[in-house]
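Hello,

Here is the structure we discussed handing over. My notes on it follow below.

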Amino acid sequence: MILKLITLLMLTLSLSASVPKSVLSKKNTVVTIYIMQGEKVLSSGSGFMISKTGLVATNFHVVKNAIKQPGKIIVTMSNGSYLRTTQIYAYDKQNDIAIIRTSGKGFPYLNFSKTKNKVGDGIYVIGSPLGLEATLSDGIISSIRDGGNIIQITAPISPGSSGSPVLNKNGKVLAIVTSQMKKGQNLNFAVNAKFVRSLLVKPRKIESTRNYSTKQKESNPYEFISDSDIPAIAEKDVDRAMDILKYLAHNGDKRAQASLVMAYEGYPLNNNFDNPIKIQKDYKKAYYWAKKLADSGDEYYMKTIGEYYDKNQLKTKSKKERYKKAFYWYKKAAEKGNEDAALGLGNLYFSGLGTKRDYYYAAKWYRYYDNNQRYAPYSEESYIKRLHLYDAIKDNKLITIFNQKGIDDLVKKIKKNYKNKTIPKNYADGEYEYMYGLALLVQSYSNSKKALKFFKIAAEKGSKKALFEIGNYFTSTYNQILQADKNKKYGRLFIREAAKNGYGYAGRRCAVLYNAFSVNDKKRALECAEFGAKNNDNLAIVELIDKLKSKSEKIKWLKKLEYNNYKYAKKKLGEVYYSLYHDTKDAKYLRLSAEYGYAMNDYGVYFDQKHDYENANYWFRQAVKKKNNGTALYNLGLNYEEGKGVLKDYKEAANYYNKAIVAGSKPAKCALARLYVFGWGVPKDLKKAKKLSKMGYEGYGKVEQCKKIWDIFELYKVAD
């Protein structure tokens, strides 16, 4: 201890005269890192605080032996206090960087240099060589290598200096000490601090730090495992399940990437709903994988990222930046046809968040959502009032006020016109009062009673939409809880009357309300859906199709939806044609279903059974092209193995079986195991065959074919 103090004192006295105060003042940010085994010190290194919340930057090689046991890492401050390590926050093997989280908060920390490094610049290193804490040395940048990624320095370093910050004259970090060349003199190297900064501020770096190299891909430790095996694996070992998902995802498996998004959002990894296995929510990591999928063109994950920002699940520098990013992602997804993103985009346009307020575009995207959403919601959403208000404004002056000044000024103008009886001539009886009521509701739902007064006047003058709004008021429970059931019944009658009088939207709402569990009036629900469908409301047609028993009637209305460009019309048509095929065994319906993009693999199987293998393989390929269908991939593999419709090719069969496994097919594991048993298209390998057969019958969805192969291995103790 005395030797340490003497050495430290000598170094400090020799340097203090020439070292800037901006550097000397940073000594309290540098820490010593010890890797412990019980009370024994296995190794030590240096590090430095990079946040007031206790994040410490160091080299990966300093902490690599404690990655899975961060509790073995002890950090000591320059004042002698000890800190406990609570988490390996992130690491980057390739660039030899790690960030650990320690207990406590309010720490002094270092900032990163943003200036370009130049040969000859003076530098300072503060570290713990040979365990001598807070040792200061100086030197210059002697060379810049690897495109600026590696900084060669002359400042003396020794074992234990690894992880030390390299500072410029302003006391800011420009690099982190990583190694020295022992055979040379003063040949010391540091990695550019940009890698530490990236690992700290960019969520993607946290997930991408594992070095999944080409060599690792070739010796895949998770060979033949797909994300569909994760539920069974998670039951036994959650960490292994997550590691497999990450491995698959880093190697481009989109299913695994999507599974990681869900896992980090808090969804269970397993299929046991009584005992769900979850990991800690982490929207930074969910964002990383969602962005991978979004960047590949997936509209759903574009919308997902928009929601993360909209719901404030990702931190941003400001509210303005948050909504700007939400707007960007919603717009990308909406323009690709995602109806939920269209709703989010409409809300941002209406509120002027993330973009300039624009009611025209708000109405445009609300209308797209309303015409394409999959299910009619039980409760009326606020967007519909906004959309209907925009449609109700016919006077150019009122539209100008609404667009330029907003809802408050619009309400004032409507109120003034109504009071002065200067209602524009282009409003028919009841339309102005209806608009007045809507404007009040859009302004605030606390105006509901006041709005009801104008809806009643409008209804008396013949407005069917006002009838609906009266009904909607009473189906809600605004301050009427004691008479809720009576009021809802009263409200449904008004909504039904509006639907009967030709208001399509009312037909949709009426159908949903009468179909509710508490009411369960199927006859009235069907009647309401018919009212709405006849007035061309898409969701009323969807409700009607769900309630119709006649498949020919279903098809008639689905054709109407297809004519209306309803997003899900073709999918629903495919489903109905497929159910007709099951009812009639008439292949024309199966063909129609396949042509609408549904049951294409089944159509291939139909031709397979007819020994028309050319057509069978065509439809299997279509199923793969459209949906990466694992069963279709497996069927293609079988036909290559048996030479049906194609030249027999075991290598190609193995290729399709491998693709089918990635897509989640368990039977493909059995088929590939068979190829490994005989060495067909793959090297003969009984160990791999045994592994595949075991995987095929374990966990969820056991495959009998796999069990038979496994039983043979077990019986003869093969490949142990």
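**Salt bridges and one covered helix**

Glu299 and Lys567 form a salt bridge, with their closest N and O atoms 2.9 Å apart. Please keep in mind that this is a predicted model. Glu299 belongs to helix 11 (residues 299–310), while Lys567 sits in the loop between helix 25 (551–563) and helix 26 (569–584), so the pair ties together parts that are 268 residues apart in sequence. Lys567 has a relative accessible area of 32% and is partly exposed. Salt bridges with shared partners also join Glu299, Glu339 and Lys567 into one network. The count for the model comes to 26 salt bridges.

Two other pairs involve helix 15 (382–392).

The first to note is Arg367 with Asp391, whose side chains meet in a salt bridge at 2.4 Å, N to O. Arg367 lies in helix 14 (residues 359–372) and Asp391 in helix 15, so this pair ties together parts that are 24 residues apart in sequence. Arg367 counts as partly exposed because its relative accessibility is 31%, and Asp391 is also partly exposed, at 38%.

The other is Glu469 with Lys385, a salt bridge of 3.1 Å, N to O. This pair links distant parts of the chain, with Glu469 in helix 20 and Lys385 in helix 15, 84 residues apart. Are these two residues buried or exposed? Glu469 counts as buried because its relative accessibility is 3%, below the cut-off of 20%. Lys385 is buried too, at 3%.

Helices 15 and 20 come up again around helix 18. Of the 13 residues in helix 18, 11 are buried, so that the helix is mostly covered. The buried residues are Tyr432, Glu433, Tyr434, Met435, Tyr436, Gly437, Leu438, Ala439, Leu440, Leu441 and Val442. What covers them includes helix 13 (339–351), helix 15 (382–392), helix 16 (396–405), helix 17 (407–420), helix 19 (448–460) and helix 20 (464–475).

How far apart are the end C-alpha atoms of helix 18? They are 18 Å apart. At 1.5 Å a residue, the 13 residues of this helix (431–443) should span 18 Å, so the expected span and the model agree.

Regards

Methods: Residues are numbered from 1 along each chain as its sequence is written. This is a predicted model: local features need pLDDT of at least 70, side-chain atom pairs count only at pLDDT 80 or more; totals for chains, interfaces and linings use all residues. Side-chain values use heavy atoms; hydrogens and water are left out. Helices (H or I, at least four residues) and strands (E, at least two) are DSSP runs, numbered from the N terminus. The expected span of a helix is 1.5 Å times one less than its number of residues. Buried means under 20% relative accessible area, exposed over 50%, partly exposed in between (1.4 Å probe, protein chains only). Contact means heavy atoms within 4.5 Å. A salt bridge is a side-chain nitrogen of Lys or Arg within 4 Å of a carboxyl oxygen of Asp or Glu.
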